[in-house]
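Visitor: Could you walk me through this protein? I'm new to reading structures, so let's keep it relaxed.

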Amino acid sequence: MELETLSLNTENGAETAPAPKKVFVKTYGCQMNVYDSQRMTDALAADGYAATEIIEDADLVLLNTCHIRERAAEKVYSELGRIRELKQEKAAAGREMLIGVAGCVAQAEGREIIRRAPAVDLVIGPQTYHRLPDVLRRVRGGGRVVETEYAVEDKFEHLPQPKRADVAKRGVAAFLTVQEGCDKFCTFCVVPYTRGSEVSRPVTQIVAEAERLAEAGVREVTLLGQNVNAWHGEGADGAEWGLGRLLYRLAEIPGIARLRYTTSHPRDMDDELIAAHRDLPTLMPYLHLPVQSGSDRILKAMNRRHKAVDYLRLLDRVRAARSDIALSGDFIVGFPGETDADFEDTMRLVREVGYASAFSFKYSPRPGTPGAEMPDHVPEKVKDERLHTLQALLVEQQQAFTQSMVGRTMTTLIEKPGRQAGQKVGRSPWLQPVIVDEKAGEIGDIIEVRITHPGFNSLYAEPI
Ligand code: SAH
Ligand code: SF4
Ligand code: F3S
């Protein structure tokens with residue numbers, strides 16, 4: 001009898017519960033967008049949306065966009081053209097598909113997106129993601145919605161925390177935004193306009209989020225910020241903390257075995273942060289510290305507010321604190337006014353530093369930034385040549401770094417199954433993928449390995 005009631009109930013439940021709506025999120029740009037996409041997915045999950053990897057199944061398609069270079073922004077419009085066709089096909093079959101644009105293009109272009117892309121139903125800027133469910137209700141009520149005003153309330157206070165199972169599904173290495181926005185106004189960069197002014201999340205919020213991640217099985221946390229080392233906040237002791245102090249605190253959380261942070265600005269690398277690299281084994285020996293150019297003239301025009309030599313001396317201090325630290329950087333070639341001699345200064349700086357990895361870009365004029373209005377834009381052909389020359393050197397350095405790992409022993413955090421059967425992929429302290437036999441350990445384990453030989457952008461290793 002009881003069983004029957006039970007099965008009846010289940011059946012009734014199945015009949016009345018509507019199938020969950022589905023959201024497909026596509027992410028462009030930096031790690032912060034990856035983090036934001038997860039938080040938007042969490043906010044939508046609380047509103048009855050299940051995430052899908054299949055765009056055709058989606059009731060809502062969200063593009064989380066990047067505005068950093070022209071090509072990044074243009075990609076969004078061509079993608080929107082394709083999705084529009086899908087939306088029309090679905091409409092013909094009697095099914096609704098809403099299209100939303102989030103991220104930095106949303107913030108920078110706002111209404112313009114609605115004008116240029118008629119299929120878009122909603123545009124939402126990075127500071128208002130917690131209002132997403134409300135925006136969707138307004139869209140359903142009729143009309144297209146643009147929500148790009150900076151919210152007065154703190155979005156992080158209002159965004160729901162992910163469920164433990166969802167965190168676990170996302171893996172043993174997680175991102176955690178601690179700081180957002182930028183007040184530096186480098187003359188080439190749109191970020192201060194798309195992410196707003198610098199805001200630091202409070203210590204208690206960050207610690208609580210890191211603890212939740214750890215409880216769900218996360219072993220490695222990467223703190224994110226457009227200027228992460230400008231983070232500051234009031235600690236439990238009532239004192240003003242910088243990022244260094246925050247790292248000491250996070251290192252105390254049981255389960256968190258590895259900490260990283262990105263991206264930093266050379267001007268905000270203070271003594272305490274450098275000391276954290278000396279004192280904290282949990283803090284991985286890897287520093288992404290963009291310099292953009294090795295020419296003082298160009299650095300000045302870029303408003304980076306330091307000279308090449310300041311950067312080099314800073315790296316000396318970092319290396320004195322942690323001798324095995326690997327350095328990574330960002331470079332822009334062909335900024336307005338850049339001469340052959342300026343470019344040669346960049347090459348010289350790269351030779352002097354010796355990078356383990358680096359990102360390099362051709363300058364892309366961004367509307368509304370001072371750089372776009374400067375005279376003496378560099379011809380595209382020259383930019384191409386300089387990028388090619390710089391990248392050849394950077395690749396050489398990266399390969400030398402990879403090669404130097406052979407024979408070394410190191411820890412590896414096992415992250416996921418390998419692409420080939422019988423393998424698992426982990427990560428070295430220096431961010432390199434490490435391929436081991438699948439029996440070497442379980443996902444989430446940190447094991448000692450010896451590097452046997454280099455792969456393409458990876459390392460092969462045997463457990464010790
Ligand atoms: N907040 C970080 C980086 C932000 S954007 C920092 O301050 O370093 C990531 C990288 O994109 C930058 O470091 C820069 O190298 C590159 N970039 C930014 N604007 C660009 C532009 N207009 N053209 C080409 N590259 C750009
Ligand atoms: Fe952009 Fe400069 Fe701010 Fe970095 S520091 S986000 S490059 S303005
Ligand atoms: Fe792009 Fe915005 Fe990140 S412009 S790089 S998505 S902060």
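What follows is a chat about a predicted model.

Visitor: Let's start big: which domains does the assignment give for the protein chain?
Guide: Keep in mind that this model is predicted. The centres of domain 1 and domain 3, taken over C-alpha atoms, are separated by 36 Å. As for the bounds, the assignment gives domain 1 (21-147), domain 2 (155-404) and domain 3 (406-463).

Visitor: Where does UniProt place the feature "domain: MTTase N-terminal"?
Guide: The label comes from an unreviewed UniProt entry. Over this span the chain is 50% helix and 20% strand, with the end C-alpha atoms 17 Å apart. UniProt puts the feature at residues 21-141.

Visitor: And how far apart are the end C-alpha atoms of residues 168-400?
Guide: Those residues carry the UniProt feature "domain: Radical SAM core", again from an unreviewed entry. The span is 42% helix and 18% strand, and its end C-alpha atoms lie at a distance of 35 Å.

Visitor: On to the rings. How are the planes of Phe-185 and Tyr-193 arranged, stacked or edge-to-face?
Guide: There are four aromatic pairs in the structure. In this one the ring centres are 5.5 Å apart and the planes meet at 75°. Planes over 60 degrees apart get a name of their own, so the pair of Phe-185 and Tyr-193 is edge-to-face.

Visitor: Is Phe-185 buried or partly exposed?
Guide: Buried would need a relative accessible area under 20%. Phe-185 has 36%, and its partner Tyr-193 has 38% and is partly exposed. So Phe-185 counts as partly exposed.

Visitor: How many residues apart in sequence are the parts tied together by Phe-335 and Tyr-363?
Guide: The two rings have centres 5.2 Å apart and planes at 70°, so they pair edge-to-face. Phe-335 sits in the loop between strand E15 and helix H15, while Tyr-363 sits in the loop between strand E16 and helix H16. The pair therefore ties together parts separated in sequence by 28 residues.

Visitor: Which residues make up the ring cluster?
Guide: Two members are the pair we just met, Phe-335 and Tyr-363, and both are buried. Ring pairs also bring in another Phe, so the full cluster is Phe-188, Phe-335 and Tyr-363.

Visitor: How many nonpolar residues are in the shell around ligand 2?
Guide: The residues surrounding ligand 2 include Cys-182, Cys-186, Cys-189 and Phe-188. Lys-184 and Arg-304 are also among them. By class, the shell has two polar, two charged and, the number you're after, seven nonpolar residues.

Visitor: What about ligand 3: how many charged residues are in its shell?
Guide: Around ligand 3 we find, among others, Cys-30, Cys-66, Cys-104, His-67 and Arg-195. The shell splits into four nonpolar and four polar residues, and the charged count is one.

Visitor: What sits over the ring of Tyr-77?
Guide: Look for a charged end 3.6 Å from the centre of that ring. Elsewhere, Arg-245 lies over the face of Trp-241, at 4.4 Å from the ring centre. Over Tyr-77, the charged end belongs to Arg-116.

Visitor: One last thing: is Asp-376 buried or exposed?
Guide: Asp-376 is found in the loop between H16 and helix H17, and its phi is near 60°, a positive value in a residue other than glycine. Its relative accessible area is 58%. The cut-off is over 50%, so Asp-376 is exposed.

Technical notes: Residues are numbered from 1 along each chain as its sequence is written. Chains are lettered from A and ligands numbered from 1 in the order in which they are written. This is a predicted model: local features need pLDDT of at least 70, side-chain atom pairs count only at pLDDT 80 or more; totals for chains, interfaces and linings use all residues. Side-chain values use heavy atoms; hydrogens and water are left out. Rings of Phe, Tyr and Trp (its six-membered ring) pair if their centres lie within 6.5 Å; planes under 30 degrees apart count as stacked, over 60 as edge-to-face and the rest as tilted. Buried means under 20% relative accessible area, exposed over 50%, partly exposed in between (1.4 Å probe, protein chains only). Helices (H or I, at least four residues) and strands (E, at least two) are DSSP runs, numbered from the N terminus. A charge sits over a ring if NZ of Lys or CZ of Arg is within 6 Å of the ring centre and within 35 degrees of the ring normal. Domain bounds come from an automatic or database domain assignment. A residue is near a molecule or strand if one of its heavy atoms lies within 4 Å of it. Ala, Val, Leu, Ile, Met, Phe, Trp, Tyr, Cys and Pro count as nonpolar, Asp, Glu, Lys and Arg as charged, and the others, Gly among them, as polar. UniProt positions are given in the numbering used here, feature names are shortened, and annotations may be inferred rather than shown by experiment.
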